[in-house]
Amino acid sequence: MSWAPPPGVQAAPYGYSTPLSAAYTAVPVRQGFGQAYQGQSQYSHPTPANQPQSTTQMTSSSDQQGQQQKFDWPNSVRSYVQRSFQSSNLDPSVSRAEMEAKLKETIRYTQDCGTMYTMDWDNMPLPQTLIKNERQQALMSSMPPPPVQEPTPTPAVNFNTKKRKSSDLSEPEHTNAPVVPWRSTKALSLEDRITKPSMDGPLSARSKFQKHGDKRQRRGDGGYQSSYRSTSPPPPMGPIRGENMSLEKRYLRLTAAPKPADVRPEHVLRLTLDLLKKKWRKDGNYNYICDQFKSLRQDLTVQQIRNEFTVSVYEIHARIALEKGDLGEYNQCQTQLRALYKSGLEGNSIEFKAYRILYFIHTANKSALNDAIADLTTAEKEEDPIKHALNVRSALAAGNYHKFFKLYLDVPNMGAYLMDMFIRRERLAALCRMCKAFKPELKLRWITEELAFESDPEAAQFIIDCDGEGLLLERDDHIAVLVAKGAALFEAARAAAFSKVDLKGQI
């Protein structure tokens, strides 16, 4: 318990034989709030007899010792310093101050380690080289890590944790790369200190609908695949070579890799083609011939045989299909022939390019027709089959039915089989024009000649098939057709003919 003197009585200080240095500074008590504070001057204390030496003096003494040691440098160090400042070794990107600082650092390090006299100074990199290497390392350390990490002993950073740790973003402890001030490990950058929302936590912004969407995406991408692996050997690489010597073979759709025992080689296929041509001229059985030709084409395809023989097979099959009106098989052959012609194989390309134009007229495919015409060269347009097909197209586009039916009577090669497929609808369109231009009646003979019928009975039957029996009247010297009454009838038949086009087999 402390003791204090009564008010108004000043306590006398205790006397000490030896003066002591005060451990505190005495401050007088302020008597009132109105009295201004007056700071007391510092008390003077006796200076100890053995005052410690100042830091400046110690530093100067150590510098003097260091200067004395500099005079003992070996000749290799002196040569190293001289080479550093030669004009041929100077680098404008490194200042002289940086070089001097780097030299001092390097020499002092070897001096402290005791390796100054054992260091190979002749092969030691110059200070400007060391400075540039440090700059490059500092630049690489500030860049984000590459997606594929090299097998270096750097610690892997885990980016999948819910919350990043500061240790994950720090530099390795044992590294020779200098740490730049703005990438210090002691203070994280503002970007690292910002708390980023996690996408995997329970309070994630990803809703259950997004998760279900990811599952659907994985299913669409084949993410859910069966772990079952077939024990069957993989199919052989490259085309196979047939070993079957049969001339005739039924066509069967392939459901597995073909076997050489079921495929005929090329020399057998050539004999098969000769046999099929003879049977077609003799019997004319289209179902049998079509089946054999499809089997022949299949054997060519699986063996990847693409030569002039392949072109002749597809051309013959296309002509037979045209003759029998099988547009499906014809279109398959026509598609393959176009690819074969483009590959440089020779054949009757002019003939089948004309067929292609007439085919697109029949299917009313205007865009494909324009593409086929654009692919023609100037020389090809002067060929008779192609010139005839182009005239047919221009006559129909202009509505010149008189010219169209004249072209129908003079078709080169087998183009008449293609024109037969759309001649009926064009006759109906021409009849509609006649009903509007000629009234009240026309001679049946004139219609026969204009619409390219072979005889008057054929023309009359055509009108009867359109439910126009009442339009035919017998006169004294001719048979008349009441075109004024049949305008609506022929217009309905024309609309029905143009509303549907058979595209069987179209690819």
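Let's start inside the protein: this predicted model holds 1 cavity of 30 Å³ or more. The volume of the largest cavity is about 50 Å³. Which residues line the largest cavity? They are A354, Y355, L358, P385, H388, A389, V411, P412, N413 and G415. If you want to find this lining in the structure, look for two helices, α11 (349–363) and α14 (384–398), each of which supplies at least two of its residues. Sorted by character, the lining has 7 nonpolar residues, 3 polar ones and no charged ones.

Now move on to a pair of helices. Helix α9 covers residues 308–323 and helix α10 covers residues 327–342. They pack at an angle of about 150°, and their axes are 9 Å apart. Angles over 145 degrees count as roughly antiparallel, so α9 and α10 are roughly antiparallel to each other. The crossing of α9 with α10 is left-handed. Where do the two helices meet? On the α9 side you will find T310, V311, Y314, E315, H317, A318, A321 and L322, and on the α10 side E329, Y330, C333, Q336, L337, L340 and Y341. The residues of this contact divide into 10 nonpolar, 3 polar and 2 charged.

Further along the chain there is another pair to look at: helix α17 (residues 423–437) packs with helix α20 (residues 487–499) at an angle of about 150°, with their axes 9 Å apart. Here too the angle leads to a simple description: α17 and α20 are therefore roughly antiparallel to each other. Their crossing is left-handed. From α17, the contact is made by R424, R425, E426, L428, A429, L431, C432 and C435, while α20 brings A487, F490, E491, A493, R494, A497 and F498. What is the character of these residues? The contact of α17 with α20 has 10 nonpolar residues, no polar ones and 5 charged ones.

Finally, take a look at the backbone itself. Most residues other than glycine have a negative phi, and most peptide bonds are trans. With that in mind, two spots deserve a visit. The peptide bond from K439 to P440 is cis, and its omega is near 0°. You can find P440 in the loop between α17 and β1 (442–443). The other spot is A452, a residue other than glycine with a positive phi, near 60°. A452 sits in the loop that lies between α18 (444–450) and α19 (456–465).

How values were computed: Residues are numbered from 1 along each chain as its sequence is written. This is a predicted model: local features need pLDDT of at least 70, side-chain atom pairs count only at pLDDT 80 or more; totals for chains, interfaces and linings use all residues. Side-chain values use heavy atoms; hydrogens and water are left out. On a 1 Å grid over the protein atoms alone, a cavity is a set of points where a 1.4 Å probe fits but cannot get out, and a pocket is an open set with protein on both sides within 12 Å along at least five of seven lines; lining residues have an atom within 4 Å of a point. Grid points are joined across faces, edges and corners, and a volume is the space filled by probe spheres set on the points. Helices (H or I, at least four residues) and strands (E, at least two) are DSSP runs, numbered from the N terminus. Ala, Val, Leu, Ile, Met, Phe, Trp, Tyr, Cys and Pro count as nonpolar, Asp, Glu, Lys and Arg as charged, and the others, Gly among them, as polar. Axes are lines fitted to C-alpha atoms, for helices over the stretch in contact, and angles run from 0 to 180 degrees between N-to-C directions. Angles under 35 degrees count as roughly parallel, over 145 as roughly antiparallel, 65 to 115 as roughly perpendicular and the rest as oblique. A crossing is left-handed if the near helix is turned anticlockwise from the far one by less than a right angle, and right-handed if clockwise. Contact means heavy atoms within 4.5 Å.
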